[in-house]
Structures are given as structure tokens and as C-alpha cells.
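This report describes a single protein chain, working from individual residues to the chain as a whole. The sequence and the structure are shown first.

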Amino acid sequence: MPRRFRRWGNFRGGGGGWGGGWKKKKSRYGSSYNNFSRQVRAPTYGPSTSALPTISLSQAIRDLTDDTVDMATVAMGDDDLDHEVLFGTMRGNIVGIRYYTGEVNNNEMVSLVREPHNPYDSNAVRVDNVMGVQVGHIKRELARPLAYVLDQGLARVEGVVPHGALNIFTMPVDLSFWGRPERKEETVKKLNHHGYKIKPP
């Protein structure tokens, strides 16, 4: 066998010459190796997702709101909620909404969260939508007495955006004050001191 072909391992000589000719070397991977790309199995998946339950966005929001209320109930205790009364309502404003990504719909609930470590205002009250995304802040003038009411545990404050959900700079928010009857007087007095009056229920 010529030396230059010997290392190829696929020259088959015969009769001292080239009679045997060339023979294709069998792959060590078997005959199916050359067809590997055609024989790759497609990935398989579980049951069709069409079988999974679907819910609307409004239903998801209601479920999340219910979960939030349930957690608040656990944190406060059933006894506290059982003895709560509605002190009254008032309208405030959410500002700075152009700086945040949270969105709300008209007549949708929002939550008020204290930010005592806010570098710009230690009385800051953040406003989040039902998904927990920040919408803005309560206007500074109202935030001052509101922060005291929340920090002292005088009242639980619920918010609803009545309209103006598509506003760019500010939007109104209706606030409801709930708490124990013996704390109503101090709550009302603190708000009145800063020029805010609660509308009786």
C-alpha cells in the first residue's frame, strides 16, 4: 500500500494492484450517523396549556385585593376590625405620577404606605396600585397630618381614585378613615388643625 494512503485506512488493495479499488469506510457511529440531523426528536411537552384555567384581569385584581385585605386583617387582628367605625371621608390629591410606572383605573382602590425615611420628606405617604406598583405620593400639605394619623395608629386610611386615571401630573383620591370610636376625636382634630375637614359618613 502506498505510504501516503495507508493512514487514511480506506484503501483496499487487491492482487498487488488497484483492483480492489476504494471502499467507503464505515462510520463508527453506524449508518444512522449521517442521518442524525433528520432523526433528532422534537421536544415533547406536557398537557396542552389550553386545558389550564384562564381568568380576566379584573378577576385577578379582585383576587389580589382580597388577599391584601386578608393579610391586613391578620396583621391588625380581627378584634381591631370588628370595633372599627367610619370616621368620615375627604378628598386629597396624588402628585408626581409622571415619575412612576404604576397605573390605576377610575374607581379603583389604592393603598397608602408611609415612607418615614424618604430623603425629601419624612412625612411622605406613598400611593401604590393594587399590584403594589407606585403611582405617586399624597400631596405634601396633606401628607403631614396624614403621616401623624398613620404613625400613631389613630386610623386606617383607604383610598379610591374616583376619576382622572389618565392624568399626567396629579389625580384625585377619596380617602376613608376607619378606626376605633375613641380615636376619632384626635384624628379629626389633627386634620382640622392643618385645614382639612372630614365629611361625616
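## Val157 and Ser176

In this predicted model, Val157 touches Leu112, Leu146, Leu150, Leu175, Ser176 and Phe177, leaving out residues up to four places away in sequence. Val157 belongs to strand S5, which covers residues 156-161. Its relative accessibility is 10%, so Val157 counts as buried, the cut-off being under 20%. Gly179 lies 22 residues from Val157 along the chain, and the C-alpha atoms of the two are 8.8 Å apart.

Ser176, one of the residues touched by Val157, is part of strand S6 (residues 170-179). With a relative accessible area of 19%, Ser176 is buried. Beyond residues up to four places away in sequence, Ser176 touches Arg156, Val157 and Glu158, and also Leu86, Gly88 and Thr89. Strand S5 begins at residue 156, and strand S1 spans 85-95.

## Val135 and its surroundings

Val135 sits in strand S4, residues 134-138. Val135 has a relative accessibility of 1% and therefore counts as buried. Setting aside neighbours within four places in sequence, its contacts are Ile94, Gly96, Ile97, Tyr100, Gly102, Glu103, Val104, Val127, Asp128, Asn129 and Met171. For Val104, the separation from Val135 is 31 residues in sequence and 7.8 Å between C-alpha atoms.

## Asn129 in the S3-S4 loop

Asn129, which is in contact with Val135, is located in the loop between strand S3 (125-128) and S4. Although it is a loop residue, Asn129 counts as buried, at 8% relative accessibility. Its other contacts, apart from neighbours within four places in sequence, are Gly102, Glu103, Val104, Val110 and Ser111.

Two polar contacts involve the side chain of Asn129. In one, the side chain of Asn129 reaches the backbone oxygen of Glu103 at 3.0 Å. In the other, a polar atom of the Asn129 side chain lies 3.0 Å from the backbone nitrogen of Met131. Glu103 is also in contact with Val135.

## Asn107 in the S1-S2 loop

Asn107 lies in the loop between strand S1 (85-95) and strand S2 (108-114). What is the phi of Asn107? It is positive, about 65°, although Asn107 is not a glycine. Most residues other than glycine have a negative phi. At 60% relative accessibility, Asn107 counts as exposed, since the cut-off for that class is over 50%.

## The second largest pocket

The second largest pocket holds about 250 Å³ of space. Its lining consists of Val95, Gly96, Tyr99, Tyr100, Asn118, Tyr120, Asp121, Ala124, Val125, His137, Ile138 and Arg140. By class, seven of these residues are nonpolar, three polar and two charged. Gly96 and Tyr100 of this lining are also among the contacts of Val135. His137 and Ile138 line the pocket and fall within the range of strand S4, residues 134-138.

## The chain as a whole

The secondary structure comprises six helices and six strands. Along the sequence their pattern is α-α-α-α-β-β-β-β-α-β-β-α.

Of the 201 residues in the chain, 28% count as buried. The accessible surface is about 14,400 Å², and carbon and sulfur atoms account for 53% of it. Among contacts between residues at least 6 apart in sequence, 61% join residues at least 24 apart. The pair Val135 and Val104, in contact and 31 residues apart, is an example of such a contact.

Terms used: Residues are numbered from 1 along each chain as its sequence is written. This is a predicted model: local features need pLDDT of at least 70, side-chain atom pairs count only at pLDDT 80 or more; totals for chains, interfaces and linings use all residues. Side-chain values use heavy atoms; hydrogens and water are left out. Helices (H or I, at least four residues) and strands (E, at least two) are DSSP runs, numbered from the N terminus. Buried means under 20% relative accessible area, exposed over 50%, partly exposed in between (1.4 Å probe, protein chains only). Contact means heavy atoms within 4.5 Å. A polar contact is a pair of N or O atoms within 3.5 Å; within protein, one must be able to donate a hydrogen and the other to accept it, and residues adjacent in sequence count only if both atoms are side-chain atoms. On a 1 Å grid over the protein atoms alone, a cavity is a set of points where a 1.4 Å probe fits but cannot get out, and a pocket is an open set with protein on both sides within 12 Å along at least five of seven lines; lining residues have an atom within 4 Å of a point. Grid points are joined across faces, edges and corners, and a volume is the space filled by probe spheres set on the points. Ala, Val, Leu, Ile, Met, Phe, Trp, Tyr, Cys and Pro count as nonpolar, Asp, Glu, Lys and Arg as charged, and the others, Gly among them, as polar. Accessible areas come from the Shrake-Rupley method with a 1.4 Å probe; for residues, only the protein chains shown count as cover.
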